[in-house]
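Here is a short report on one protein model. Look at the structure first, then read on.

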Amino acid sequence: MTRDKLGAYNIEDLRQNAKRKLPRGIFEFVDGGAEDGIAVKNNRGAYRSLKIKNRVLVDVSGRSTETEIFGKKITMPYGISPTGSGGIVSYGGEIEIAKAAAKMGVPCTVATNALTPMEEICEKAGGDLWFQLYMWDDREMSMTFMDRVKAAGFETLMVTVDGPVGPNREYNYRNGFSMPLHYSPRLFAQLLAKPEWCVRVLAQQYLRRGAFKKENYPPELSRKITGSDLSYKHVKSDSQSWDDIRRIRDMWPGNMLIKGLQSKEDAVIAMEEGLQGVILSNHGGRYVDCAPAPLQVLPEVRAAVGDRIRVIIDSGARRGSDIVKAIALGADMVMSGRPTLWGAAAAGETGAYRALEIFREETDRIMAQCGFNTVEEIGPQIFWNPPNWVPRIEESLSAAAE
Ligand SMILES: Cc1cc2nc3c(=O)[nH]c(=O)nc-3n(C[C@H](O)[C@H](O)[C@H](O)COP(=O)(O)O)c2cc1C
């Protein structure tokens with residue numbers, strides 16, 4: 001499929017394409033945030049508020065967007081965040097998204113809540129796959145599950161630690177969307193309005209795999225969530241603490257990160273506990289509606305942890321210039337979940353790849369405009385008249401000189 005045929009010149013085009021294709025409840029589930037959607041808007045607003053200056057007469061003919069994360073070369077400083085819903089936007093969506101990431105040469109995170117078994121994603125997609133863990137109330141079940149994750153061959157583990165209780169997403173209540181799907185007349189009406197999705201996703205799913213379900217869950221937990229007990233406790237525990245993180249750290253042989261923190265205090269504890277990195281994230285605005293944008297807390301987190309751990313950021317990046325802005329503020333890598341979901345909804349693996357291609361092309365373009373040949377050269381000198389949460393370039397230079 002050519003770019004013109006898909007009609008996607010930017011991430012927003014893919015979002016609009018997904019909107020046309022997906023039943024309303026599913027589109028809103030992917031697109032929306034919590035409560036009034038303030039955090040979703042602020043995540044974008046934070047990126048948009050930063051202005052960057054170009055530099056002229058710099059030879060950038062040898063530039064590259066390549067960098068590394070945990071010793072592995074990546075095509076650009078970008079990776080795919082975990083989302084438990086790839087399989088509902090496109091049949092086998094999680095495999096398609098992971099294949100797109102492998103083809104592009106960027107990491108992709110497989111979610112505990114995936115609708116495709118982790119082993120199948122590993123086998124069919126390959127590439128640099130990370131695993132995202134939600135800890136269940138039954139800790140022994142979680143620990144046994146970790147053995148399965150290890151056996152599947154993942155090297156990098158990301159434990160999601162935000163959202164101890166279920167989010168307040170009012171559009172889901174209104175449009176009748178839930179996972180697992182409960183087929184109400186309201187949902188049926190939405191499905192009938194999108195016959196292409198019914199053929200391309202729903203029919204394929206039922207013919208080949210049966211009802212949508214969280215395929216990584218142990219059978220006893222699966223039975224609970226498909227029954228009438230929809231307690232959020234079955235998805236994520238509200239009693240998890242640093243003790244659990246220590247226990248997992250002690251049994252996990254590879255890199256371990258926690259995802260969902262928004263403060264330098266938590267990042268410092270993560271560092272002191274010996275983790276390899278943190279993912280600053282407000283879950284794409286899907287939990288705390290009055291949360292700051294991760295971009296806004298990034299500079300203070302980087303200042304607190306220095307270079308001792310990897311600081312990754314997600315929530316709201318939609319342009320290559322956003323990636324460059326986050327790197328300039330101290331991020332090692334930027335992630336997002338929605339863009340490749342929208343891409344997969346638009347055109348499966350091709351659409352997910354298109355999302356990555358857009359990020360790469362835009363990152364390359366803005367690096368050239370700013371006079372950078374390497375990702376490592378990107379720094380806060382690019383900002384013009386920055387807001388007060390952005391470190392002044394003079395401060396950064398004097399810190400570097402010390
Ligand atoms: C539909 C959807 C499902 C998600 N599922 C998970 C999940 O299972 N585990 C998790 O840690 N984060 C999950 N997230 C959050 C993403 O990992 C990520 O933090 C978020 O998408 C970042 O926002 P952005 O995509 O707007 O940049 C989900 C996000 C979306 C949109």
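## Overall size and fold

A compact globule of 402 residues would have a radius of gyration near 21 Å, and the protein has 21 Å, so the two agree. The model is a predicted one. Its C-alpha trace spans about 60 × 50 × 40 Å along the principal axes. The secondary structure comes to 18 helices and 12 strands.

How much of the protein is buried? Buried residues make up 47% of the 402 residues. Now take the contacts with a separation of 6 or more. Of these contacts, 73% are between residues 24 or more positions apart.

## Two helices that pack

Next, look at one pair of helices. Helix α14 covers residues 264-272, and helix α15 covers residues 294-305. They pack at an angle of about 35 degrees. Their axes are 9 Å apart. The crossing of α14 with α15 is right-handed.

Which residues meet at this contact? From α14 come K264, A267, V268 and M271. From α15 come E300, V301, A304 and V305. By class, this contact of α14 with α15 has 6 nonpolar and 2 charged residues, and no polar ones.

## Two residues with positive phi

L57 and F70 come next. L57 is not a glycine, although its phi is positive. F70 is also a residue other than glycine, and its phi is positive. The table sets out their values.

| Residue | Phi | Place | C-beta neighbours inside 10 Å |
|---|---|---|---|
| L57 | about 55 degrees | loop between β1 (51-52) and β2 (67-69) | 5 neighbours |
| F70 | near 50 degrees | loop between β2 and β3 (72-74) | 18 neighbours |

Is L57 buried or exposed? L57 counts as exposed because it has 5 C-beta neighbours inside 10 Å, and the cut-off for exposed is 12 or fewer. F70 has 18 such neighbours, so F70 counts as partly exposed. A residue needs 20 or more to be buried.

## Around the ligand

Finally, turn to the ligand. How many residues are around the ligand? There are 22 residues around it. Which of them come nearest? They are S81, G84, G284, S336 and G337.

The shell around the ligand can be divided by class too. It has 14 polar residues, 5 nonpolar residues and 3 charged residues. The contact of α14 with α15, by comparison, has no polar residues.

Conventions: Residues numbered from 1 in each chain as written. Predicted model: local features only at pLDDT ≥ 70, side-chain atom pairs only at ≥ 80, totals over all residues. Axes fitted to C-alpha atoms, helices over the stretch in contact; angles between N-to-C directions. Helix = DSSP H or I, 4+ residues; strand = E, 2+ residues; numbered from the N terminus. Left-handed = near helix turned anticlockwise from the far one by under 90°. Contact = placed C-beta atoms within 7 Å. Nonpolar A, V, L, I, M, F, W, Y, C, P; charged D, E, K, R; others polar. Rg over C-alpha atoms; globule rule 2.2 N^0.38 Å. Near = placed C-beta within 6 Å.
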